[in-house]
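Thank you all for coming; I would like to take a few minutes to go through one structure with you. Please have a look at it on the screen before I start.

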Amino acid sequence: MFEGFDPVLLARIQFAFTVSFHFFFPAFTIGLASFLAVLNGLHLATGRQVYRTLFQYWVKIFAVSFAMGVVSGIVMSYQFGTNWSVFSDRTGSILGPMMAYEVLSAFFLEAGFLGVMLFGLNRVGKGLHMFATLMVALGTLGSAFWILSVNSWMHTPAGYAVAANGQFVPEDWWAIVFNPSFPYRLAHTVLAAYLTTAFVVGGVGAFHLLRDRHNAAARTMFSMALWMATVVAPAQILMGDAHGLNTLEHQPMKVAAMEGHFETNRDGGMPLTLFGLPDMEAGRMRNAVAIPQLGSLILTHSLTGEVRGLDQFPREDWPNVWIVFFTFRIMVGIGFAMLGIGLWALYRRVRGSIFEDRWLQRAAVVMAPSGFAAVLAGWMTTEVGRQPYTVYGLLRTSESHSPIAASAVGTSLLAFIAVYFVVFGAGVYYILRTMGKAPSVFEAGPDPLLPIRTAGITPGPAMDVVDGTVAGAARAEA
């Protein structure tokens with residue numbers, strides 16, 4: 001069935017498919033865990049029931065998302081042994097310990113306190129429950145720390161030596177963990193996770209406000225989410241700029257592909273190409289819509305600064321310019337749209353009409369999934385831009401693959417696609433169904449003055465309760 005297919009390409013597609021599914025859930029749970037900690041802390045500090053209601057509402061969604069993230073992550077990691085055994089053998093001395101640190105220091109922290117956070121609200125003390133919630137949030141950030149350190153080392157390797165058998169061996173663990181691109185990637189990814197969560201929470205709040213503008217829980221989560229968007233969106237744009245400058249220093253070929261910059265500018269500065277059609281064969285950008293010199297200003301802070309084009313690198317080392325060029329623009333475009341929503345919300349907040357602006361609420365609903373699209377586009381920009389290397393400049397992707405037939409890789413790819421869409425489709429359906437139910441701050445529970453009713457039994461007149469009193473007894477006395 002897969003005769004004639006390239007097993008390396010099929011393995012890359014399989015890894016891209018599984019990691020894309022996996023990345024959706026951590027991108028959401030990292031921000032959601034912190035949001036739950038904030039809600040729990042606000043409830044303890046203020047005693048307001050609305051925060052507890054929102055905590056109970058979102059913790060169920062967190063539990064399902066966390067479970068799907070764990071399962072998809074385990075499946076993804078197995079591919080290092082099945083499809084990328086040469087890569088694992090060459091880099092295992094460095095990447096293996098860091099993956100183990102992630103499990104020991106972060107995942108166990110999350111898993112150890114997750115049960116207390118999920119089921120301990122009315123079973124343990126408030127302080128212990130708050131501590132457990134903070135530990136889960138800290139665990140998600142710890143996982144991001146180690147995974148991004150691993151990924152960043154693959155982009156900007158440092159602190160290593162190459163043994164006689166070709167294996168990368170550690171020389172300086174501080175340089176390995178805190179490699180040149182790691183701080184920028186960590187900050188950029190965590191801020192992206194917070195924005196992703198903020199727009200999901202804001203979209204759900206807006207959805208319920210459009211149905212009932214007086215829902216206190218919907219108003220609270222809508223307001224909190226838009227505060228996050230207002231503050232974090234501009235911070236993310238600034239961090240993205242810093243990350244881009246770091247990438248220009250260490251991976252200039254990737255930046256050239258991101259900008260569609262085929263020919264090095266000798267004078268006059270590099271333009272900023274807003275849109276165009278990359279022609280890799282001809283080595284030029286067709287139908288370009290560009291702003292003169294703005295690219296040099298952004299990347300070098302000079303209108304005439306020179307930026308190396310793809311013509312300065314061997315053609316066999318070029319990444320797929322089409323994918324990198326357009327996914328980068330999708331990510332940046334969504335980022336500025338998020339900034340626009342945050343500024344729009346700030347304007348309405350100042351005018352005191354944030355809950356009355358129906359168009360803002362409709363826009364928030366539309367933008368609810370935008371964070372997922374942005375992180376996926378950003379991940380594709382980063383990973384495709386690293387090609388044709390798994391360890392940038394040192395180990396090619398074609399040299400990292402297992403000696404496995406295309407038929408085996410293709411069959412497992414089809415199996416992954418079928419199982420993922422069934423299993424994770426069901427999980428996502430449950431999450432959306434849960435989000436579709438409006439949170440209610442004042443949920444009626446059993447009245448302590450009455451026995452629990454069983455089906456088909458109606459209380460007599462003496463059991464009617466009005467305003468917390470037994471009305472039947474009062475009437476008898478009268």
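Which residues make the nonpolar surface patch of about 570 Å²? Before I answer, let me say that what you see is a predicted model, and that every value I quote is computed from it. The patch is made by Leu 274, Phe 275, Leu 277, Val 289, Ile 291, Trp 322 and Ile 323. The elements that contribute two or more residues to this patch are strand β3, at 272-279, strand β4, at 284-291, and helix α10, at 321-350, and of these it is β3 that supplies the largest share, with 3 residues.

Let me take one member of the patch, Ile 323, which belongs to helix α10. Ile 323 counts as partly exposed, because its relative accessible area is 32%, a value that falls between the 20% under which a residue is called buried and the 50% over which it is called exposed.

Now to the backbone, where a general expectation is useful: most residues other than glycine have a negative phi, and most peptide bonds are trans. Against that background, Gln 293, in the loop between β4 and α9, has a positive phi, near 70°, and with a relative accessibility of 28% Gln 293 counts as partly exposed. His 301 also has a positive phi, in this case near 60°, and sits in the loop that runs between α9 and α10; with a relative accessible area of 57%, His 301 is exposed. As for the peptide bonds, the one from Gln 387 to Pro 388 is cis, with omega near 10°, and Pro 388 is placed in the loop between α12, at 370-386, and β5, at 389-391.

Finally, let me step back to the whole chain. The protein chain holds 14 helices and 8 strands, and its C-alpha trace spans about 100 × 50 × 45 Å along the principal axes. Of its 478 residues, 48% count as buried, while the chain as a whole exposes about 22600 Å², of which carbon and sulfur atoms supply 66%. If we consider the contacts with a separation of 6 or more, residues 24 or more positions apart account for 76% of them. As to charge, the chain has 29 positive and 28 negative charges, and the mean positions of these two sets are 11 Å apart.

That is what I wanted to show, and I am glad to go back to any part of it.

Conventions: Residues numbered from 1 in each chain as written. Predicted model: local features only at pLDDT ≥ 70, side-chain atom pairs only at ≥ 80, totals over all residues. Heavy atoms only, no water. Patch = residues over 30% accessible without salt bridge, like charges linked within 9 Å, V, L, I, M, F, W, Y side chains within 5 Å. Areas by Shrake-Rupley, 256 points an atom, 1.4 Å probe, with all protein chains shown as cover. Salt bridge = Lys/Arg side-chain N within 4 Å of Asp/Glu carboxyl O. Helix = DSSP H or I, 4+ residues; strand = E, 2+ residues; numbered from the N terminus. Buried < 20%, exposed > 50% of the residue type's maximum accessible area, 1.4 Å probe, protein only. Contact = heavy atoms within 4.5 Å. Lys, Arg positive; Asp, Glu negative; His and termini not counted. Charge placed at Lys NZ, Arg CZ, Asp CG, Glu CD.
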